[in-house]
Each structure stands twice: as structure tokens, then as C-alpha cells.
Amino acid sequence: MSEAATKGSNGELLEARDISVHFEGLAALDGLSVSLDRTEIFGLIGPNGSGKTTLVNVLTGFQKATAGRVTLSGRDITDWPPYRIGRAGLSRTFQAVRLFRDLSVLENLEIAGVGHGLSRRAAEKRAVDILEWMNFEHKAYDLADTLPYGDERRVGIGRALASAPQFVLLDEPAAGLTDAECDDIMQLIARIPADFGCGVLLIEHNMRVIMGVCGRIHVIESGQSVAEGPPGDIQSNPDVIRAYLGSKPQDA
């Protein structure tokens, strides 16, 4: 997939600064700041209800922030609608894959590319290239409705890449997968920055996946930052162990 890749990030960053989101007085996010560039896989973890998906919704325009700013490669995108953010270079998956079930795998990827501004011809070529990259071209013309769950997850990642994004935000891509399927997903995610010139923000409860592919991990609890660092530091951080990983570091 070398044609799709760019070399290095050239300083291109996705940044959220002092983001707060309040719902009827309750703080889903409270002054949270994160940043990543196009060369890395950045993990975001925390207990259920800690604000992870809310942050992704803010970054992609599905949720308005009460306070704070979001910038993409230096441009303030805080108040942009989702379609404009998508065309600017930010793509995402959802916890529910939401494929077009009566369309083929190839068509699902093509639609994502066209929807983000690619021509039909460019979208088709990119879709074919992504399926080859995933070793999934043999299922290009299978209807999405016929896919097993693990393959749906794989196609969801492919569809997020089909829009040629600068950054892709993956919301629990390994949820419900077997160990073998998790291994396959990990291998795909690990290759995205180098093969597509695309940074990855990964939300995942499977610690084997998070620790296996992320260079940096940010931990949040109750909408606030707990810690950030490389996997080894996060696994041994007592605040993280208390908040999320369990009573003992080896539990992770």
C-alpha cells in the first residue's frame, strides 16, 4: 500500500486542548488535553464512563465541547460539522460497525471514499488497494450481511482508511473478538502509520491490544487525565492500577 503512504508527519498534529463537556451540570470531560501526530499509535484507556468516546465525538464533530479547542494540522476545527472534519482528514470507527449490509465489502469501502470527497474512480482504486493490504480481496464481492463478526471489524477499519485520512480514530476495534482475531487486528493497526502516513488514536479495553501496538497511552478517569506515557510506565503506574488495570501490575 505504498502509494497511499506519506513520509513522516511533517509536524501535522491532532490536538485537543482543555476540552470540557458538561451534560446538565455533570462533567463528562473536564479540562482534558491530548495530542498525537501522523507517525504514531496513541492509546486512550479508562474505565467505562470515563469519557473516552465523548472525546472522540468532540474530535470528530459529533459532540460540541462546552470549553476548549480542537486543531488539526494547525487549523481550528472545534466548531466544524462532522462531514467537514471528515473531508479535512479525520476518520473514525464506531463501537457498532454499521456496515451497509446489502452492499458488497468493496462497495462499503468505495462509499466511504466518495463520501469524503474522492472521485468514484479514486475511491474504487483505494478500496481495492486497502482490501489487498488487508489480504481480504477474496471477499471483495461478498455482501456485508454475510460476514462473520471478526471480518466485520476488519472491514470497519478498512472503511475508515478508505477516505485517505490524516488520522483515524478506532473505537474498540477488538471488542468481542477471539484471541486469534485480536492478533490479526493488532497486526493491521500496527502497520497503519507506516503504510498510510496516518496517525491512530485507539480506544480499547483489551489491554493486550493496547500494550501491544501503542507507543504512548493516555489514561483518563471521570473525564480527567490520570497519566500518560509508554506502555511500560502505564502498566506500573499506581494511579493507573488503582483507576483501571486492577490491583496488581501483572493483571494488565
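**Exercise 1.** Which residue takes a positive phi in the hairpin of strand 4 and strand 5? Place the hairpin in its sheet.

*Solution.* The model is a predicted one.

Step 1. Start with the hairpin. Two residues lie between strand 4 and strand 5, and Ser73 takes the positive phi, near 50°.

Step 2. Look at the pairing on either side of the turn. Strand 4 and strand 5 (residues 75–76) run antiparallel and are joined by two bridges. Leu72 is the residue opposite Arg75 in strand 5.

Step 3. Move to the other partner of strand 4. Strand 1 (residues 13–23) pairs with strand 4 (residues 67–72) over five bridges, in the antiparallel sense. Ser20 stands opposite Ala67 in strand 4.

Step 4. Assemble the sheet. Four strands form an open sheet with antiparallel pairing, in the order 2-1-4-5. Strand 2 (26–37) and strand 5 are at the edges; each has a single partner strand, so one side of each lacks a neighbour in the sheet.

**Exercise 2.** Find the side-chain polar contact that joins Ser73 to Gln166, and state whether Gln166 is buried or exposed.

*Solution.*

Step 1. Locate Gln166. This residue sits in the loop between helix 5 and strand 7 (167–171).

Step 2. Read the distance. The side chains of Gln166 and Ser73 are joined by a polar contact of 2.9 Å.

Step 3. Classify Gln166. Its relative accessibility is 14%, and the cut-off for buried is under 20%. Gln166 therefore counts as buried.

**Exercise 3.** Describe the largest pocket: its volume, the residues closest to its centre, and the make-up of its lining.

*Solution.*

Step 1. Give the volume, which is about 550 Å³ for the largest pocket.

Step 2. List the central residues. The lining holds 26 residues, and Ser91, Arg92, Phe94, His116 and Arg159 are the closest to the centre of the pocket.

Step 3. Assign the lining to secondary structure. At least two lining residues come from each of helix 2 (82–88), strand 6 (90–92), helix 3 (105–115) and helix 5 (149–161). Helix 5 gives the largest share, five residues.

Step 4. Sort by residue class. The lining contains 13 nonpolar, nine polar and four charged residues.

**Exercise 4.** How many salt bridges does a search of the whole structure find? Examine three pairs and one network.

*Solution.*

Step 1. State the total: the search finds 14 salt bridges. As background, side chains of opposite charge can pair when their charged atoms come close.

Step 2. Take Lys125 and Asp129. Their closest N and O atoms are 2.9 Å apart. The two residues are four apart in helix 4, so about one helical turn separates them. In an α-helix with 3.6 residues a turn, residues three or four places apart point the same way. Lys125 is partly exposed, at a relative accessible area of 45%.

Step 3. Take Arg101 and Asp145. The salt bridge between them has its closest N and O atoms 3.1 Å apart. This pair links distant parts of the chain, 44 residues apart: Arg101 is in the loop between strand 6 and helix 3, and Asp145 is in the loop between helix 4 (120–133) and helix 5. Arg101 has a relative accessible area of 35% and is partly exposed.

Step 4. Take Asp76 and Arg69. Their side chains form a salt bridge with an N to O distance of 2.9 Å. Asp76 is partly exposed at 35% relative accessible area, and Arg69 is partly exposed at 40%.

Step 5. Finish with the network, in which salt bridges link Glu40, Arg216 and Glu228.

**Exercise 5.** Is helix 1 mostly covered or mostly open? Identify its buried residues and the residue with a positive phi just after it.

*Solution.*

Step 1. Count the buried residues. Helix 1 (residues 52–59) has six of its eight residues buried, and is thus mostly covered.

Step 2. Name them: Lys52, Thr54, Leu55, Val56, Val58 and Leu59.

Step 3. Check what follows the helix. Gly61, just after helix 1, takes a positive phi of about 85°.

**Exercise 6.** How far apart are Glu132 and Ile234 in sequence and in space?

*Solution.*

Step 1. Place Glu132, which lies in helix 4. Glu132 is partly exposed, with 44% relative accessible area.

Step 2. Compare the separations. Glu132 and Ile234 are 102 residues apart in sequence, and their C-alpha atoms are 35 Å apart in space.

Conventions
Residues are numbered from 1 along each chain as its sequence is written. This is a predicted model: local features need pLDDT of at least 70, side-chain atom pairs count only at pLDDT 80 or more; totals for chains, interfaces and linings use all residues. Side-chain values use heavy atoms; hydrogens and water are left out. On a 1 Å grid over the protein atoms alone, a cavity is a set of points where a 1.4 Å probe fits but cannot get out, and a pocket is an open set with protein on both sides within 12 Å along at least five of seven lines; lining residues have an atom within 4 Å of a point. Grid points are joined across faces, edges and corners, and a volume is the space filled by probe spheres set on the points. Ala, Val, Leu, Ile, Met, Phe, Trp, Tyr, Cys and Pro count as nonpolar, Asp, Glu, Lys and Arg as charged, and the others, Gly among them, as polar. A salt bridge is a side-chain nitrogen of Lys or Arg within 4 Å of a carboxyl oxygen of Asp or Glu. Buried means under 20% relative accessible area, exposed over 50%, partly exposed in between (1.4 Å probe, protein chains only). Two strands pair if DSSP finds at least two bridges between them. A polar contact is a pair of N or O atoms within 3.5 Å; within protein, one must be able to donate a hydrogen and the other to accept it, and residues adjacent in sequence count only if both atoms are side-chain atoms.
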